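Hi,

Here's the structure I promised to pass on. Have a look at it first, and my notes follow below.

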Amino acid sequence: MKRILFKVGTMLTALMTAPVFAETNDQIEQYQLNMTKGVTDISAGVYDMHMLMFIICVVIGAGVFIAMFISMYFHRKSRGAKPANFHENVQVEIAWTVIPFIILIVMAIPAMNLLIDMEDASEPDVTVLVTGSQWKWHYKYMDNDVEYYSKMATQAEQISGKLAKGKNYLLEVDRPLVIPTGKKVRFLITSDDVIHAWWVPDFAVKQDANPGFINDAWAMVNEPGVYRGQCAELCGKDHGFMPIVVVAKEPAEYDKWISEQQAIQDQAKAEEQRLLAMNMTMEESMAIGEKVYNANCAACHMPNGEGLPGVFPALKGSQIALEDQPKHIDVLINGVTGTAMQAYAKQLTMSEIAAVVTYERNAWGNNTGDLVQAKDINSAMNGQ
Amino acid sequence: MTTATENTHTDDHHDDGHHEHHIPPGIKRWLYTTNHKDIGTLYLWFAFIMFLIGGAMAMVIRAELFQPGLQIVDPNFFNQMTTVHGLIMVFGAVMPAFTGLANWLVPMMIGAPDMALPRMNNWSFWILPFAFLILLSSLFMEGGGPAFGWTFYAPLSTTYSNDGTALFVFAVHIMGASSIMGAINVIVTIFNMRAPGMTWMKMPLFVWTWLITAFLLIAVMPVLAGAVTMVLTDKFFGTSFFDAAGGGDPVMFQHIFWFFGHPEVYIMILPAFGIISQIIPTFARKPLFGYASMVYATASIALLSFIVWAHHMFTTGMPVAAELFFMFATMLISVPTGVKVFNWVATMWRGSMTFEVPMLFAIAFIVLFTIGGLSGLMLAIVPVDFQYHDTYFVVAHFHYVLVTGAIFSIMAAVYYWLPKWTGKMFHIGLAKWHFWCSLVSVNVLFFPMHFVGLAGMPRRIPDYALQFADFNKWISIGGFAFGLSQLIFLALLIKACKKQGEPVSAQVWEGAEGLEWEIPSPAPYHSFETPPVVK
């Protein structure tokens, strides 16, 4: 028996001392014990409230446990303790009903004041509409003509373990939200499909994104920096893979950034019109289509086009992908109501939609030979 | 009345001297049984098997979370595991175990010969295995089982779920029907079948807490049935209860669910309070401190449980006034809960304590449940709840109250009454191994979850950022150890059912008091056919 225990012990020691992932372990701080203080006045207030609660709870717990262990030690039969026979005491019972009540009031007052400050999203300097959808965030600046999707940037190979995991594994996105420091930024939060929750711990902001309803929250960030968070409401298969990254810039830099974005967005629109007149070759279409497919479609329909039986339909060999081309384009543009299939008209450009339709009609043995162009999408979108 | 009297007559005639002939051999005994002790045993074994199955799913979850990256299961299956683990532990393990204990103990504690409605008792048990067969079978069908969390928030459970949702809905309907029948039986038994002299304020606390629990069950299980039915019609029959596009509201689902769900939390802890209130006086050899205040505290917790539901929903975007109301109401619950803990400590104070296995579990319960209760108080504070909500801090909190709370109390109860049931003392060495292994591993498992939660790890994710890696490794090791520790319990129970061990006296434990300790050990198949008189 002893020898077995010793062996198990050695094995466990070996297991515990072995690093989980050799390359990156050293750089990442492990064993964070407490909540972040964050970078807003509100988040600092939340931290202080948390610590106040924590200390009160530790003191109460310690009191109860000390009383328990004193009686367990001194009032044990093996020490010859004879049982007393008291079984009620009105004064004591009133005391331990009333005193906790007073402690609760001591907690409730600062909590109430803090909550009222947190919920006051009035008179913002900047307003951003945050829309969750399976499994990405969409940011729209209400005061400027800038909007874009923000998707996780961690590669699938890192998740499956084929590549080493980077420092910000699962907490990195292609296009972060950018906000100015020292300004009151209001977030209007909603969803296109299921319920998500937009959470940035450093701002102490966590607000559910409910489809069909708009919630609000706000933050006034004190220090420039990069702040990371995650979706905090189970939203389906890739709930663990929709991070949030917010970059806070000095107001001057922010203004520069937003006007740049506006210019880029205008340019992209002009470019889209220009592309309408152009035809892509099959090779071009397949190459762009594959990229777009893997970024937007593969999460559900799988990289091999086979879907998840009973959950997400297969595209490989499907009737729509093989025969009904108008329906295929319609599904991409408008989505399918009552299912997880989103409308991609506002998410992708027309040439991207055209390329992905071409890709889906020619990949994985769907050899239809169909080649769809941006102008086909344009006419479908305009109801022609 | 006439019918009842006639029935009694025929039964009497039948029963005279033929007791043993009425127990059919083999499986038929268990299928046809209307005996409260047999049905109690069935419930308890069923709960234990479900505990092992639900535990195996927790092992899958912890194996996947042992290190960052996706190694063992895909995210869709991971979600099915978290969902079905929760459903099985709540509806398959904790609730049936308490019903099993009520079946065994309530009639023996109030001096009744059986439950008031024995045939319904049989029925309420035997529909349960079918409910869980339906639920578990969905895991093997195309599309898999439910993957939307045990809280099945719409529209993830409606528009965006797979067709297996129908199986989930029907399984929950059956579980609800079973619970309601069990609750009716407990209420009718306690109201009508107490022995002469067993007044309300003489009832053992386990009976009191179960009576109040039964009322909670009757009040809220129909609400759950309503919620799953609306999910069913939203998904399959085109209604829009929870779909804003059709005039509904997804947040309304959460209000309905938690109007069931919060009292449900107390359904799973009030009987535990009863058990601990039976065990502590026995091994402190001193009467329970503040019996009356215990009863009133239980009743106030039950009443308050109906007005705190939205504290599960602080981030859904409620008005400030509603958030404040639910915060204050929730904080209030800590007062009667505190009274209970203080009463238990006062019962130990100046007692003459010994530390047999049931007492070890009871003391562990008080300490660890108090930790879970205090983290619950922290969670009640709305502004900080915005940081805690849907993180591992919450996972730590509710596992402290459910595993080291409800499940430890069930284990304490089994060790306390097992010798009465079998007539033999259980294997004390194994029991102590079971206790100490469980106690250490359960804390390695759940305590670090507080830390990763505060550091920002959301719950219900199959993969996590690298800064959570080392704690998760410890949590998984604690999880595997806790899972393995339960196999010691299994071995002990098998030995006990084979009637191995030293014979015990009727009283079993030196300080035990109450009607159940006055009948011989093992408790005869029919007890209190003539009601005892309680002075």
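A definition before the notes: two residues are in contact here if their C-beta atoms, placed from the backbone, lie within 7 Å. Also keep in mind that this is a predicted model.

On that basis, the contact between the chains takes 88 residues from chain B and 87 residues from chain A. On the chain B side, the elements giving two or more residues include α4 (75–110), α9 (250–267), α13 (357–380), α16 and α17 of chain B. The top contributor there is α12(B), with 14 residues. Sorted by class, the side of chain B that touches chain A has 52 nonpolar, 25 polar and 11 charged residues.

Since α17(B) turns up in that list, I had a closer look at it. This helix covers residues 469–497 of chain B, and at 1.5 Å a residue its 29 residues should span 42 Å; the end C-alpha atoms are 43 Å apart, so the two agree. Its buried residues include Phe471(B), Ile475(B), Gly478(B), Gly479(B), Phe482(B), Phe489(B) and Leu492(B). What do they pack against? The partners are α3 (36–64), α15 (392–422) and α16 (428–454), again of chain B. Just past the end of α17(B), Lys499(B) has a positive phi of about 60°.

One of those partners, α3(B), also meets helix α5 (residues 118–126) of chain B: their axes come within 10 Å and cross at roughly 10°. Angles under 35 degrees count as roughly parallel, so α3(B) and α5(B) are roughly parallel to each other. His36(B), Ile39(B), Leu42(B) and Tyr43(B) make the contact from α3(B), with Asn121(B), Asn122(B) and Phe125(B) on α5(B). That gives 4 nonpolar, 3 polar and no charged residues.

Chain A has a pair with another geometry to look at. Helix α9 (residues 325–334) and helix α11 (residues 374–381) of chain A pack at about 70°, their axes 10 Å apart, which makes α9(A) roughly perpendicular to α11(A). Ile329(A), Asp330(A) and Ile333(A) of α9(A) touch Asp376(A), Ile377(A), Ala380(A) and Met381(A) of α11(A). By class, that's 5 nonpolar, no polar and 2 charged residues.

Last, confidence. Chain A has a mean pLDDT of 89, with 93% of its residues at 70 or more. Over residues 17–25 of chain A, though, pLDDT stays under 50, and the model has 12 contacts beyond four places in sequence for that stretch. Where pLDDT is low, the predicted coordinates should not be read in detail.

Cheers

How values were computed:
Residues are numbered from 1 along each chain as its sequence is written. Chains are lettered from A and ligands numbered from 1 in the order in which they are written. This is a predicted model: local features need pLDDT of at least 70, side-chain atom pairs count only at pLDDT 80 or more; totals for chains, interfaces and linings use all residues. Helices (H or I, at least four residues) and strands (E, at least two) are DSSP runs, numbered from the N terminus. The expected span of a helix is 1.5 Å times one less than its number of residues. A residue is buried if 20 or more other C-beta atoms lie within 10 Å of its own, exposed if 12 or fewer, and partly exposed in between; C-beta atoms are placed from the backbone. Ala, Val, Leu, Ile, Met, Phe, Trp, Tyr, Cys and Pro count as nonpolar, Asp, Glu, Lys and Arg as charged, and the others, Gly among them, as polar. pLDDT is the predictor's confidence in each residue, from 0 to 100. Axes are lines fitted to C-alpha atoms, for helices over the stretch in contact, and angles run from 0 to 180 degrees between N-to-C directions. Angles under 35 degrees count as roughly parallel, over 145 as roughly antiparallel, 65 to 115 as roughly perpendicular and the rest as oblique.
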